[in-house]
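Thanks for coming. I will talk through the enclosed spaces in this structure, and then through the surface beside the DNA.

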Amino acid sequence: MTASISDHLLAWYDKHARALPWRLPPGAPLPDDPAWPYRVWLSEVMLQQTTVAAVKPYFEKFTALWPDVTALAAAPDDAVMAAWAGLGYYSRARNLMKCAREVAVRGGFPTTEAELRQLPGLGDYAAAAIAAIAFGQRAVVVDANVERVTARLFAITDPLPGARKAIRAATAGITPATRAGDFAQAMMDLGAQTCTTRSPRCLLCPLRAHCRAHAAGAPERLPVKPAKKPVPERSGTAFWITRQGGAEVWLVTRPGKGMLGGMRALPDDGWSARADGSGMVPLAGDWRELGAVRHGFTHAQLTLRVMALDTDSPPPGEGQWRPVSQIEDAGLATLFAKAARLALAGG
DNA sequence: GATGCGTGGAA
DNA sequence: TTTCCAAGCAT
């Protein structure tokens with residue numbers, strides 16, 4: 001009997017699995033500890049559309065501040081948003097808090113894929129991944145790595161996203177009844193390190209002999225992706241408003257939805273991914289132009305002009321004065337952290 | 001099904 | 001410098 005694809009892959013994973021802070025050694029028994037599913041869940045949310053290298057320090061920070069789901073559920077919103085600052089996709093942090101509070105109320109994470117799927121911030125991928133990795137259940141885990149590996153293994157040439165159904169079916173066909181969590185992580189390790197997007201290292205691949213795309217040549221062409229639309233260019237203005245000769249700066253909290261939603265920020269002129277800002281200053285005074293910062297979003301490229309004013313007048317609207325000396329700890333998203341650095345450098 | 005939503009690193 | 005994109009989810 002020829003060893004199956006999953007057998008080959010698991011044997012490779014037993015030797016070559018990456019050691020990660022949220023991961024058990026291959027084949028290790030699942031800990032009987034409520035912090036275990038918490039750590040798996042936290043890592044899965046952080047890893048959505050985000051690299052392992054970027055996640056590591058945030059995972060360490062979160063687990064040190066909030067070692068279990070009860071602690072995270074009890075944390076104030078602004079503390080969690082500030083801790084997430086810089087990691088991006090801030091709706092994840094908002095859903096993280098919602099999810100933690102639901103889980104704390106019900107006394108722990110549900111253990112089935114279907115129940116996990118109902119929690120805020122958990123989609124098809126994360127629900128399957130947590131069911132398999134945290135609870136040892138057989139689930140079909142399909143992320144972008146698995147999509148790539150499977151599309152190549154079976155030479156699925158239909159373009160995404162239409163090919164997803166076939167890719168899921170093919171992945172289901174090779175997912176083992178046991179060790180589904182290790183299998184999923186093995187597929188992801190293989191996709192991240194060996195079966196890479198641009199230059200797959202087929203000579204190192206444990207599945208080379210099973211791979212139809214390798215046999216056909218040019219595996220790097222799969223999966224076929226749709227063309228990307230051009231990213232619009234936008235401009236806006238942020239306002240560095242200080243008092244007491246620059247000792248304190250006026251910060252606002254952005255609305256709970258939309259870009260950088262729920263994050264502490266510099267006030268601005270209403271720019272968005274859809275439209276430029278008004279360029280209007282929020283209060284009269286002797287403004288100084290400090291320059292501009294550039295920042296790329298997924299769906300817009302922004303030039304943010306930064307203007308400064310030291311004043312005794314309270315700015316309009318909600319906000320708070322924060323010590324400039326602690327601006328690095330204020331929990332600003334990267335865009336506004338850039339603007340703050342420009343202001344502190346004096347323009 | 002298409003769109004909106006961050007960031008930093010690699011090529 | 002520019003382009004691409006990495007363990008997706010919500011609407």
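A cavity here is a set of grid points where a 1.4 Å probe fits but cannot get out, and a lining residue has an atom within 4 Å of such a point. Please keep in mind that this is a predicted model.

With that in hand, we can start inside the protein. How many cavities of 30 Å³ or more does the structure hold? There are 2.

Take the largest cavity to begin with. The space in it comes to about 130 Å³. Its lining is made up of 14 residues. Which of them lie nearest the centre? They are Arg 152, Cys 195, Cys 202, Cys 205 and Cys 211. Of the helices and strands, helix H9, residues 144-153, gives the most to this lining, namely 3 residues. Sorted by class, the lining of the largest cavity has 10 nonpolar, 2 polar and 2 charged residues.

Now the second largest cavity. Its volume is about 40 Å³. The residues that line it are Ala 139, Val 141, Val 146, Thr 171, Thr 175, Ala 180, Phe 183, Ala 184 and Met 187. Helix H11, which covers residues 180-193, supplies the largest share of that lining, with 4 residues. In the second largest cavity, 7 of the lining residues are nonpolar and 2 are polar, and no charged residue is found there.

That is the inside. Next, the DNA.

DNA strand C is surrounded by 27 residues, and the closest are Leu 47, Gly 121, Asp 143, Asn 145 and Thr 197. Of the atoms of DNA strand C that come within 4 Å of the protein, 64% belong to sugar and phosphate.

I will pick out a few individual contacts. Which part of DNA strand C does the side chain of Trp 22 approach? One of its polar atoms lies 3.2 Å from a base nitrogen of the strand. With Gln 49, the backbone is involved: an N or O atom there is 2.9 Å from a phosphate oxygen of DNA strand C. Ala 144 also has a polar backbone atom facing a phosphate oxygen of this strand, at 3.4 Å. The elements that give two or more residues to the surface near DNA strand C are helix H8, residues 124-135, and helix H9.

Last, the classes on that surface. Near DNA strand C there are 10 charged, 9 nonpolar and 8 polar residues. In the lining of the second largest cavity, by contrast, there are no charged residues.

That is all I have.

Notes: Residues numbered from 1 in each chain as written. Chains lettered and ligands numbered in written order. Predicted model: local features only at pLDDT ≥ 70, side-chain atom pairs only at ≥ 80, totals over all residues. Heavy atoms only, no water. 1 Å grid on protein atoms, 1.4 Å probe; cavity = no way out; pocket = protein on both sides within 12 Å on 5 of 7 lines; lining within 4 Å. Points joined across faces, edges and corners; volume = space filled by probe spheres on them. Nonpolar A, V, L, I, M, F, W, Y, C, P; charged D, E, K, R; others polar. Near = heavy atom within 4 Å. Polar contact = N/O pair within 3.5 Å; in protein donor to acceptor, adjacent residues only side chain to side chain.
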